[in-house]
Amino acid sequence: MVKSILGRISNYWWCQLFGWGMLGLSLLFYAYTFRQEINAQYIIKILIVVISGIISTHILRYFIKRNRWLMLPVDKVIGKLSFAVLQTCLLFSLLVMGLSQFVDPENYSDDPDFFVRLFANVLNIGIYIVPWVLLYYIYHYLAKSRRQELDTLKLESLVKELELKTIKSHINPHFIFNALNSIRALIDENPARARNAVTELSNILRSSMKSETLETVPLSRELSIVRDYLALEHIRFEDRLQIEYDVKEETLSQPVPPMMLQTLVENAIKHGISKQVNGGVVRIISQMKDGNHELIVQNTGILNEHANSDGFGLTSTRNRLQLLFGDRAKFDIRQVGNLVEARVTIPEVQTENKQTHDKSIIN
């Protein structure tokens with residue numbers, strides 16, 4: 001039962017009891033040190049000071065909370081708070097003087113000037129009230145800052161999680177619709193190849209579904225998806241699509257956002273190869289440079305800056321890199337001769353490559 005009662009006492013009241021209790025003990029220690037008479041009357045006067053301090057500061061706290069002064073800037077609350085502190089000191093003094101006179105009337109019977117004594121007490125009591133207010137405000141300022149920091153972190157984490165999930169939910173349908181269009185073009189023309197295309201699509205979907213729970217995957221895994229996708233597109237474009245890989249083996253274990261490379265390759269075919277009468281080349285380059293992992297997709301074509309900057313695939317790439325790596329990652333797309341080049345720069349991650357990779361992609 002005692003534990004239950006103690007558990008209901010708030011931190012504020014524990015601090016009040018401890019702070020004013022320490023003041024009472026210090027007054028008692030002061031009297032003992034200077035050999036003053038410590039009797040029941042003196043102890044009662046100390047209790048009066050302690051109780052008056054608790055009552056007056058609690059009333060001050062009530063006005064601070066009621067008027068929401070903790071929410072105001074310092075420059076707007078300093079005047080109001082100063083006046084409130086003065087009133088608290090006055091109340092404190094009146095309580096101490098009134099109760100002390102009731103306990104020891106003989107000591108106050110020959111008091112020549114009540115107001116002089118009151119003024120002196122207000123100044124003395126200010127020594128207790130001003131530190132109380134400062135400690136109260138510092139505690140709540142730190143608590144408020146800590147809550148705001150936690151809320152900010154939670155909000156940023158939630159926003160990033162929602163944005164990543166939203167981006168991922170758009171990437172897969174965006175890819176599926178383009179792949180289905182490729183298969184539809186083959187059904188009447190070459191049913192056997194259409195069946196092969198369905199198999200390739202099945203492999204891609206299986207891989208992409210596994211990527212939904214991951215924020216990054218090794219490049220080797222991403223390349224396997226891209227290879228299936230390009231095999232599917234090669235059926236549709238035949239000799240019009242040439243594929244080249246220049247992938248350094250040390251980059252195969254580097255983490256990349258899932259489906260990001262596939263999205264860039266898809267854009268290269270959609271906006272580049274498909275618009276060329278004679279087709280062209282899609283080249284995938286992966287290399288380490290200046291402590292960064294560079295992933296480059298080049299395709300034959302002319303850069304349409306307006307169309308490419310507003311395209312969903314490129315927008316999603318920029319967003320995902322920003323969310324996952326912040327300012328450490330870069331993405332740009334530019335014209336290099338007769339090629340359009342999309343370049344992704346990601347900070348290098350020290351990894352131990354323990355996987356067995358398909359050597360056919362390193363040519």
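**Close-up 1. Y136 and its stacked partner W132.** In this predicted model, Y136 is buried, with a relative accessible area of 8%. W132 is buried too, at a relative accessible area of 13%. Look along helix 6, which spans residues 114–187, and you will find both W132 and Y136 there, four residues apart, or about one turn of the helix.

**Close-up 2. The rings of Y12 and W13.** How many aromatic pairs does the structure hold? There are six aromatic pairs. In one of them, the ring centres of Y12 and W13 are 5.1 Å apart and the planes meet at 70°, so this pair is edge-to-face, the angle being over 60 degrees. Are these two residues buried or exposed to some degree? Y12 is buried, with a relative accessible area of 13%, while W13 counts as partly exposed at 33% relative accessibility. For W132 and Y136, back in the helix of the opening view, the aromatic pair is stacked, with 5.2 Å from centre to centre and 5° between the planes.

**Close-up 3. R61 over the face of Y12.** Y12, the buried tyrosine of the previous view, also has a charged companion: which residue lies over the face of its ring? That residue is R61, found at 3.7 Å from the ring centre of Y12. Keep W13 in view as well, since the Y12 ring is paired edge-to-face with the ring of W13.

**Close-up 4. A cluster of rings.** Here, W20, F92 and Y128 come together as a cluster linked by ring pairs.

How values were computed:
Residues numbered from 1 in each chain as written. Predicted model: local features only at pLDDT ≥ 70, side-chain atom pairs only at ≥ 80, totals over all residues. Heavy atoms only, no water. Phe/Tyr/Trp six-rings, centres within 6.5 Å; stacked < 30°, edge-to-face > 60°. Buried < 20%, exposed > 50% of the residue type's maximum accessible area, 1.4 Å probe, protein only. Helix = DSSP H or I, 4+ residues; strand = E, 2+ residues; numbered from the N terminus. Lys NZ or Arg CZ within 6 Å of the ring centre and 35° of its normal.
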